[in-house]
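Hi everyone, thanks for coming. Please have a look at the chain on the screen, and then I'll walk you through a few parts of it.

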Amino acid sequence: MSYQEPAPIKNQENPFESMMSRFDEAARILGLDKNSYNVLKSPAKTVIVSLPVIMDDGTVQVFEGYRVVHSQAMGPSKGGIRYSMDVHLDEVKALAAWMTWKCAVVGIPYGGGKGGIKCDPRSMSKGELERLTRAYTGAMRDVFGPEKDIPAPDMNTGPQEMAWLMDEYSKIQGLYTPAVTTGKPLVLGGSSGRVEATGRGVMVTARAAMGKLGINPMEATCAVQGFGNVGSISAKLIQLQGLKIVAISDITGGYYDPKGIDIEAAIAYRNQNGGTLEGFNAESRITNEEILELDVDVLVPAAMEDQITKHNAAKIKAKLIVEGANGPTSANADLILNENNVMVVPDILANAGGVTVSYFEWVQNKIGYYWTEERVHRRADRTMKQAFEEVYAASQKYGTSLRIAAYIVAIDKVSKALAYRGVF
Ligand code: NAD
């Protein structure tokens, strides 16, 4: 029995619904059987916990924490933990599924998961955050595990939270267990190369896509939206490939110079300027909307979701979009970009360099031997290049965009794993 119901693109712009509508389309093209379809639509496990925390003023506040395991068909589930007042279970479920596809598309042996705690980390002291993280880890002691479910940092969490999580888990087990999480500080089993990993993967997939389109990097121009970890490192590494970066932007707006921007100088400026580009000296200022519509060869949205929608997709002039951010392009915008022959390297492929090096961190923790940065880069580059070629071949075979091809590659792998394991 094949899943053949038509899966029209819904008329919405929500990034998570957009993601699920692409899942539907890829499932239909692949002829995914109804049983596998139903399994993959539903998260395998949803855990909700109440976390009592003694606050600095002596009162007890109870926080709500979530962990969703979408799939463990390919291996232990992997995915970040976010701390935010905006954390919602439905969103966590969608993000967990997203991780399943992202891991499968780059061929790392993980399923997908995601977690979060509804809290306002900026209003909490370091001690309160530590107690909250330890409470969450204790509550999730039977969910987490190096062979079960492996968290990582996400919005408002970082190496410090991962260090607390690893420490608490190790204490509960009575066993030093660094592989229970990734994104740890270097001195506690973090991996060299992790900070650069996502931007590096963006550069590698951009290069591969330029090769397919016949774009000569030495003559090409590029604009990068967002200048945080992903945007600034993508811009730096893409510039090193010979492209001229004519515009960059962050929350303070866009900075444009047709002669090209010195990215190293912009990074140094940002680092000395409280983390933003405000006041950076460029030929002219543009908006975050205008940067997307510049006449460039390559566009890298690396800020946030939902930037390219049906409202501006027709105005995009770039020949190639490489999605550093998660969910920057809506499903409706995809239809317009496809029509206009704009190649889009989708998020689940383009920004998977981060989770790839997280996998390398876990491998190094398990073997207890640590690789040089050069080895991490080389292996991650190879993984990203191979994943791009596999997705490109699928797009040729099925006559689809790279996005739908990436979902096809991912869903095909996960559904085969499900079938071999005999879940039903
Ligand atoms: P970051 O916080 O380091 O940087 C975000 C950047 O976007 C900052 O320069 C910020 O000023 C800018 N920004 C914020 N709001 C903006 C707005 N309204 N308009 C324009 N710019 C705005 O975050 P990051 O780690 O670089 O992540 C960026 C994106 O990449 C997110 O979608 C994230 O989910 C995705 N991503 C990150 C990683 C990773 O390893 N860091 C991996 C995969 C995907």
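Helix H12 gives the most to the lining of the second largest pocket, with three residues. This is a predicted model, where local features need pLDDT of at least 70 and side-chain atom pairs count only at pLDDT 80 or more, while totals for chains, interfaces and linings use all residues. Residues are numbered from 1 along each chain as its sequence is written, and side-chain values use heavy atoms, with hydrogens and water left out.

A pocket here is found on a 1 Å grid over the protein atoms alone: it is an open set of points where a 1.4 Å probe fits, with protein on both sides within 12 Å along at least five of seven lines, and lining residues have an atom within 4 Å of a point. Helices (H or I, at least four residues) and strands (E, at least two) are DSSP runs, numbered from the N terminus.

So how big is the volume of the second largest pocket? About 220 Å³, taken as the space filled by probe spheres set on the points, which are joined across faces, edges and corners. Its lining includes Asn-338, Met-343, Tyr-392 and Gln-396. Two elements give two or more residues to that lining: strand S12 (343-345) and helix H12 (373-398). By type, the lining has five nonpolar residues, six polar and no charged. Ala, Val, Leu, Ile, Met, Phe, Trp, Tyr, Cys and Pro count as nonpolar, Asp, Glu, Lys and Arg as charged, and the others, Gly among them, as polar.

Let's follow S12 into its sheet. Seven strands form an open, mixed sheet in the order S9-S8-S7-S6-S10-S11-S12. Strand S9 (284-286) and S12 are the edges with a single partner strand each, so one side of each has no neighbour in the sheet. Strands pair if DSSP finds at least two bridges between them. S11 (residues 320-322) and S12 run parallel, joined by three bridges, and Leu-320 stands opposite Met-343 in S12.

Now the other sheet. Five strands, in the order S1-S2-S4-S3-S5, make an open sheet with mixed pairing. Strand S1 (45-54) and strand S5 (149-153) are its edge strands, each pairing on one side only. Seven bridges hold strand S2 (residues 60-71) and strand S4 (residues 111-118) in an antiparallel pair, and the bridge partner of Ser-71 in S4 is Gly-112.

Last, two helices. The axes of H2 (residues 34-41) and H13 (residues 402-421) come within 10 Å and cross at roughly 105°. Axes are lines fitted to C-alpha atoms, for helices over the stretch in contact, and angles run from 0 to 180 degrees between N-to-C directions. That crossing makes H2 roughly perpendicular to H13, a word used for 65 to 115 degrees. Contact means heavy atoms within 4.5 Å, and among the residues making it are Val-39 of H2 and Leu-418 of H13.

Technical notes. Angles under 35 degrees count as roughly parallel, over 145 as roughly antiparallel, 65 to 115 as roughly perpendicular and the rest as oblique.
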